[in-house]
Amino acid sequence: MSELLLECKDLSFSYHTPEGEIPVIHNMNFKIYKGEFVSIVGPSGCGKSTLLNLLTGMLKSEEGSVRLSCNSDEKSHYGYMLQQDHLFEWYDLWKNICIGPEINHCLTPELETYLKELLQRYGLSTFIHKKPSELSGGMRQRAAIIRTLAMKPELLYLDEPFSSLDYQNRLNAANDIGQIIRNEDKTAVLVTHDIGEAISLSSRVLVLSSRPTTVKKEFVLPYRSRNLTPLEIRNTKDFGTYFNAIWKELNEA
């Protein structure tokens, strides 16, 4: 069994308004193991973003716990990739990539070498002095994931990171990011509305129920052991079977 990295245990959360309590998450349980890519899908409004905020500690649970195991004090516990890349237009690509380590006073020569290797490996080294507006949407997403990796996080949280792209660029960006995460041996949790995206990127998919949400069903996928790219996974014969099964669970949520 792989090393346990994240455990969500008996998690519950409600929003409190003048009109009363709004239960959002109820008694949720799941585990994430090192090296996994787990996607979370659910009906619109079920509380996926709230769950992500609980996992990152931006919100505190009312009941239950979220426990993250971290082996090294030198690494950040997690990295967070948002719906928008949030690259700073007044900085060039290199400055954008280095901003986290600079703020945290940990931009060593060794880390600079590592970041330059990542830029070279993923086709961005010749754009190192370009501004974000001079990059394509897919290139900006690759830059955003490299910026996230700059702090060497144990776990990556991805919150609909491709939603701002058109369909073709979304497919290509998901393919690129999926391969980067696998190549760099990172553990990732993706929140998405896109079933195909979840299947093509993941080792497991967690389907949430309607609100108050909990894990309704888990799908264990075989693709990562086959060493296929996300685009190749979409062309496998059983991709449609998983898609229809997850679609059915969401419609019955």
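Does C46 count as buried or exposed, and at what relative accessibility? C46 counts as buried because its relative accessibility is 1%, where buried means under 20% relative accessible area, exposed over 50% and partly exposed in between, with a 1.4 Å probe and protein chains only.

Before I go on, this is a predicted model, in which local features need pLDDT of at least 70 and side-chain atom pairs count only at pLDDT 80 or more, while totals for chains, interfaces and linings use all residues. Residues are numbered from 1 along each chain as its sequence is written, and side-chain values use heavy atoms, leaving out hydrogens and water.

Staying with the cysteines, a search of the whole structure finds zero disulfides, a disulfide being a pair of cysteine sulfur atoms within 2.5 Å. For C106, the closest cysteine sulfur, in C98, is 10 Å away and therefore too far for a bond.

Turning to the interior, the largest nonpolar core has 35 residues, of which L115, L119, I145, I146 and L158 touch the most other members; such a core is a set of buried Ala, Val, Leu, Ile, Met, Phe, Trp, Tyr and Cys residues joined through side-chain atoms within 4.5 Å. Its largest share, six residues, comes from α4, where helices are DSSP runs of H or I with at least four residues, strands are runs of E with at least two, and both are numbered from the N terminus.

In α4 itself, 12 of the 13 residues are buried, and these pack against β5, α2, α3, β6 and α5, with contact meaning heavy atoms within 4.5 Å.
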